[in-house]
Amino acid sequence: METLLDYNFYISPSDMIEYCFCKRFIYYMKCLLIPQFEEKRYKVQKGRNLHEYKVQSNVDYLRKRLKVIDKRVNVELHSQTHRLKGVVDEILFFEDGTASPLDYKYAKYNNFIYNTYKTQMTMYALMIEETFNVKVHKAYIVYFLSNNKLVELKITNRLRDTLLNDLSKYQQIVSGYFPPKTASNKRCEDCCYRKICIM
């Protein structure tokens, strides 16, 4: 039987988003236990406010548009197989017996889906499949700053393989490996660890 301590070593979508932004985020947060104080960031706070708003005001338009037969909101998930945990905004269940995660983003849609979003949705897909014993072939993202535009993401084998590879590298970092910094210097400008990070 797993303990709460075991559960704390599960990887969340937020952890993997930080990993995708810069692998050293994980080293500073998980190995050195230095918090990033993300609540001070404007966009993060706006995103959290959006999640509160959609919980209170979400309507059932998706049921007709996507042929949804059931929906669950703010579902806590975990995967013992892949050691994942997280809370998905919504799970949509369809007539064909499949399911899909749906996530709200305080962002504009620029005709492509960021890799961080793909990683997050693929993690939700794996957790939903294990928790509910259903297949997940697609995920959906609602972009709040593009008039709630609904965008479909196919959960391909390539996305799954990429995620599993990244999860393996993530585990190496939390075991003490100090990774190279991000190749994007622009990311360093707004990084909360920039004053202590070794270049």
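These questions and answers walk through one helix pair, one sheet and two buried residues in a predicted model.

Residues are numbered from 1 along each chain as its sequence is written. The model is predicted, so local features need pLDDT of at least 70, side-chain atom pairs count only at pLDDT 80 or more, and totals for chains, interfaces and linings use all residues, while side-chain values use heavy atoms and leave out hydrogens and water.

Me: At what angle do helix α6 and helix α7 pack?
Reply: Helices (H or I, at least four residues) and strands (E, at least two) are DSSP runs, numbered from the N terminus. Axes are lines fitted to C-alpha atoms, for helices over the stretch in contact, and angles run from 0 to 180 degrees between N-to-C directions. The axes of α6 (residues 115–132) and α7 (residues 157–174) are 10 Å apart. Their angle is about 95°.

Me: Which residues of α7 make the contact with α6?
Reply: Contact means heavy atoms within 4.5 Å. From α6 come K118, T119, T122, M123, L126 and E129. From α7 come L159, R160, L163 and L164.

Me: Is M123 buried or exposed?
Reply: M123 sits in helix α6. It touches I11, S12, P13, M16, L84 and L163, leaving aside residues up to four places away in sequence. Its relative accessibility is 0%, and buried means under 20% relative accessible area, exposed over 50%, partly exposed in between (1.4 Å probe, protein chains only). So M123 counts as buried.

Me: Which strands stand at the edges of the sheet?
Reply: The open sheet has five strands in the order β1-β2-β3-β4-β5, with mixed pairing. Two strands pair if DSSP finds at least two bridges between them. Each edge strand has a single partner, so one side of each lacks a neighbour in the sheet. The edge strands are β1 (68–79) and β5 (149–154).

Me: In which sense do strand β2 and strand β3 pair?
Reply: Strands of a sheet pair through backbone hydrogen bonds, either parallel or antiparallel. Here β2 (residues 84–94) and β3 (residues 99–105) share four bridges. F93 stands opposite A99 in β3. The sense of the β2 and β3 pairing is antiparallel.

Me: Which side chain does a polar contact of 2.9 Å join to that of D103?
Reply: D103 lies in strand β3 and is buried, with a relative accessible area of 2%. A polar contact is a pair of N or O atoms within 3.5 Å; within protein, one must be able to donate a hydrogen and the other to accept it, and residues adjacent in sequence count only if both atoms are side-chain atoms. The partner of D103 is K105.
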